[in-house]
Amino acid sequence: MKIALLYGGKTGEHEVSVVSATSVARAINTKKHQVSLISISKKGEWFLQDSSELERINGDSSALLSDAATKKRISVVPGGGTAGAFLVNEAGCANVPLAVDIVLPILHGTFGEDGLVQGLLEMAELPYCGCGVCASAVSMDKEKTKQVWIQAGLPVVPYIALRRIERTDSAAFEEIIGRAEKEFGYPVFVKPCRAGSSVGASKAADKNALLASIDEALLWDDKILIEPFVSAREIECSVTGVGEITAYTPCEICPTHEFYDYDAKYLDPEGANFKVPAAVDAETLDYVKETAVKAFKALDGDGFSRIDFFMDKKSGKLMLNEINTIPGFTSISMFPKMCSESGLAYSDLIELLLSLGVRRFEESRRLKTSRV
């Protein structure tokens, strides 16, 4: 297949995406597939990278894919399909079609994991890997995700949502702060509602810290969540599938930082210890897998995702925390490690995701779009 690997993006998780995409690029079987590397700048510009990038990263285990601007700009044509949706624009040879059989977006966070790129690819009539527009958009919004899960009867971490307009309304703001103090006490966690990788998230031990955390989180999103501190073990579960969903061996994250923040996830190789499988009994492992599948289905997810849980250290109660529809694929990321523990090797995982993307596209195109 001709694969377009998308990475980078107009997001606070741009650098993480580059690291993830580098790992994915190394795992793609280039004897079977032809890979086009398309980087997206922090301004949202799309560039076709040189094909020599694959040889370079495969020859240097410490190298990362380039996300630099090139002379080959990519534009997207609605309805263009696999033969003409991507056009390469270069001085002297503008609008040269780039044939693509499927798009593999390794884009974390906004403008990549939130349904926007998925909608663009739908309009372009291109198959792609991962969740569709609705599941991506809803899953990116932590409040909406929790609302769907609550409606489905699934356990979630309690929360209070705060919008920017409420921050400027002193009466409404003080009411929300008072409610958080009454219902949760201190410490609490504050996080942007539509950002991932713990970007903009922080722990607040008192009211002054809470106010500072709120203002920091509002730099990343217009809506944020305040959640109680839960002394919990962090359990994760990978899922894949279209229609019939498979859950893989759950893992446990044991952070060496105060909590599993951005640095611990991506910058510090010693930021956490991982247990695969999670150090819980077989019954709990099964419950995690079953709940992960239910959570994924409740959001109409397909393709792949990672479902994150908190397990209260005192009561043992399991609660859904969040979902990542394009989870990390770095060398220390748990999504591929959990699949591997279940017998699905990294390269085979990539093949599965490609096949699921094609299957979803073919099934969706059987639907009627006209009465004529």
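This note goes through one buried tyrosine, one helix and one sheet of a predicted model.

1. Basis of the values. The model is predicted, so local features are taken only at pLDDT of at least 70 and side-chain atom pairs only at pLDDT 80 or more, whereas totals for chains, interfaces and linings use all residues. Residues are numbered from 1 along each chain as its sequence is written, and side-chain values use heavy atoms, with hydrogens and water left out.

2. Tyrosine 248. This residue lies in the loop between β13 (244–247) and β14 (251–255), where strands (E, at least two residues) and helices (H or I, at least four) are DSSP runs numbered from the N terminus. Its relative accessible area is 7%, which means that it counts as buried (under 20% relative accessible area, with exposed over 50% and partly exposed in between, for a 1.4 Å probe and protein chains only).

3. Surroundings of tyrosine 248. Leaving aside neighbours within four places in sequence, tyrosine 248 has contacts (heavy atoms within 4.5 Å) with residues including Cys237, Val239, Lys289, Met338 and Leu352. Its side chain also makes a polar contact of 2.7 Å with that of threonine 240; the term denotes a pair of N or O atoms within 3.5 Å, of which, within protein, one must be able to donate a hydrogen and the other to accept it, and residues adjacent in sequence count only if both atoms are side-chain atoms.

4. Helix α11 (residues 282–298). With 17 residues at 1.5 Å a residue, α11 should span 24 Å, and its end C-alpha atoms are indeed 24 Å apart; the expected span is 1.5 Å times one less than the number of residues. At the N-terminal end aspartate 281 acts as a cap, with a side-chain oxygen 3.2 Å from the backbone nitrogen of glutamate 283, while aspartate 300, which follows the helix, has a positive phi near 60°.

5. Packing of α11. Among its buried residues are Leu285, Val288, Val293 and Phe296, and the buried residues of α11 pack against α6 (142–151), β12 (232–242), β13, β16 (303–312) and β17 (318–324).

6. The open sheet. Four strands are arranged in the order β8-β11-β9-β10 with antiparallel pairing, a pair requiring at least two DSSP bridges between the strands. The edge strands, β8 (160–163) and β10 (202–204), each pair on one side only. Between β8 and β11 (residues 223–228) there are 4 bridges, and leucine 162 stands opposite isoleucine 224 in β11.
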